[in-house]
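Here are my notes on this model, written so that you can follow along with the structure open beside you. Take the points in order, and look up each residue as you reach it.

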Amino acid sequence: MNWLNTKMDEVYIRKTLELAKKGMGWTNPNPLVGAVLVKNGKIISSGFHKKFGDPHAEVEALKNFKNAPPDAALYVNLEPCSYFGKTPSCIDLIIKTGIKKVVVAATDPNPKVNGRGIKKLKQAGIEIVSGVLEKEARKINEAFFTFHQKKRPFVAIKFAASLDGKIATYTKDSKWITNEKSRQFARKLRGEYQAVVVGINTVILDNPRLGAREKGLKDPLRIILGPKLKIPKDSQVLRDDNYLIITAPVHELLKRLKEAGIISILVEGGAKTLGEFVDSGLVDKVYAFFGPMIIGGEMALSAIGGLGAAKVSKALYLKNIKIKCFENNFLIQGYSNDYF
């Protein structure tokens, strides 16, 4: 019976994870959260946090119930909040509704919550089951966990290169090393991050838009590293007010972004900018796209600049690798540690 209960708890928590992902890119700096209300083995209500400032997932799942049905259980992928922020405390609503059981996947790393919500539910006599699919729950909120536990934004870097690691020829030609399907996927990645970062040379040479270009995805904040006076006035990154120009070094940059509530950044280059993050040991995740070609040449531009590793044993070694193909292109993505 305990085995069966555990398996059913996993089924419902997986549903909360599916719901949570619907808010991707819109809830920042809040986490992605989904919730389902279950009675007699059936989901009778569900909800997810749609965007920052909107009602939380638990509120959405319980909005049609003044009093919870007897024996109903609430499932949520992250510990319910226990403080009044942009919206009221979810804990107080759960207690008020009369729910007798709450199943939580992961404890909220935010110091304002961090176990306080679960403690308050227990004090109210509510049965708590926690840690169900915790690894999966941490994974979909990897940026949120990193932000609160490492006290800085989650940092992902992205580049597209030839098989020999070049992002441009010696004449600085780079269009196109990867195919349209790879580039489309890369653009969609931007919608998963709160901000995208490039160096000023990338703006001058490539004139990128740095938008998600996908219906339903939110364009990230565009951050350009370098002096403003060098950026051409007709650059696409300056098309609206959703940008910042920062001259601070990497560590100072992350400190400022943390203070501004930016929980995740996607660093797209160029080589010098990517190299600064790698050399500083501040990379959490890597997206490396490869096209089936060899550019060659000592003067061709390598994907990662900077000083680099003095020894192979000190190189940035990726873990939890996943490989995805786009016809004759492929993407290698992985993490710099076992954190997720």
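**Notes on a predicted model**

1. **Aromatic pairs.** Please keep in mind that this is a predicted model. Let us start with the rings: searching the whole structure turns up seven aromatic pairs. Three residues to find on your screen are F159, F290 and F330, which ring pairs link into a cluster. When you look at such rings, remember that a pair of them is described by the distance of the centres and the angle of the planes.

2. **Charges over rings.** Which residue has the charged end of K258 over its ring? It is F147, and the distance to the ring centre is 5.6 Å. You can find another case at K175, which lies over the face of W176 at 5.3 Å from the ring centre.

3. **A cis bond at that second spot.** Stay with K175 and W176 for a moment, as the peptide bond from K175 to W176 is cis, with omega near -5°. W176 belongs to the loop between β7 (166-168) and α7 (180-190). So this residue pair gives you two things to look at: the cis bond and the lysine over the ring.

4. **Another cis bond.** N28 and P29 are also joined by a cis peptide bond, here with omega of about 5°. To locate P29, look in the loop between α1 (2-20) and β1 (34-39).

5. **The overall fold.** Now zoom out. The protein has ten helices and 15 strands. Its radius of gyration is 22 Å, close to the 20 Å that the globule rule gives for 340 residues, so the protein is as compact as a globular protein of that length. The C-alpha trace spans about 70 × 40 × 35 Å along its principal axes.

6. **Inside and outside.** How much of the protein is buried? Buried residues make up 49% of the 340 residues. On the outside, the protein exposes about 17,400 Å², and carbon and sulfur atoms supply 53% of that area. Contacts also reach far along the chain: among those with a separation of 6 or more, 73% are between residues 24 or more positions apart.

7. **Two nonpolar cores.** In soluble globular proteins, nonpolar side chains tend to be buried together. Here the largest nonpolar core has 54 residues, and those with the most contacts inside it are I13, L74, Y75, I94, I99, V102 and Y287. Take Y75 as an example: leaving aside neighbours within four places in sequence, Y75 is in contact with residues including D9, Y12, I13, G34, V36 and V103. There is a second, separate core of 28 residues, with I246, V250, A271 and V286 among its members.

8. **A covered helix.** Is helix α6 (residues 142-149) mostly covered or mostly open? This helix is mostly covered, with seven of its eight residues buried. Among the buried ones are F144, F145 and H148, and so is F147, the residue whose ring has K258 over it. After α6 comes K151, which has a positive phi near 60°.

9. **Helix α10 and its end.** In α10 (residues 271-279), the buried residues are A271, T273, L274, G275 and F277. You have already met A271 as part of the second core. Just after α10, G281 has a positive phi of about 70°.

10. **A glycine meeting.** G275 also leads us to G306, in the loop between β13 (301-302) and β14 (319-326). The C-alpha atoms of G306 and G275 are separated by 4.3 Å, although the two residues are 31 residues apart along the chain. Not counting residues up to four places away in sequence, G306 touches G275 and D279. With a relative accessibility of 58%, G306 counts as exposed.

11. **Two asparagines to check.** Where is N40? N40 is in the loop between β1 and β2 (42-48), and has a positive phi of about 55° although it is not a glycine. At 66% relative accessibility, N40 counts as exposed. N207, also not a glycine, has a positive phi of about 50° and is found in the loop between α8 (200-206) and β9 (221-225). N207 counts as partly exposed, at 30% relative accessibility.

Terms used. Residues numbered from 1 in each chain as written. Predicted model: local features only at pLDDT ≥ 70, side-chain atom pairs only at ≥ 80, totals over all residues. Heavy atoms only, no water. Phe/Tyr/Trp six-rings, centres within 6.5 Å; stacked < 30°, edge-to-face > 60°. Lys NZ or Arg CZ within 6 Å of the ring centre and 35° of its normal. Helix = DSSP H or I, 4+ residues; strand = E, 2+ residues; numbered from the N terminus. Rg over C-alpha atoms; globule rule 2.2 N^0.38 Å. Buried < 20%, exposed > 50% of the residue type's maximum accessible area, 1.4 Å probe, protein only. Contact = heavy atoms within 4.5 Å. Areas by Shrake-Rupley, 256 points an atom, 1.4 Å probe, with all protein chains shown as cover. Core = buried A, V, L, I, M, F, W, Y, C linked by side-chain atoms within 4.5 Å.
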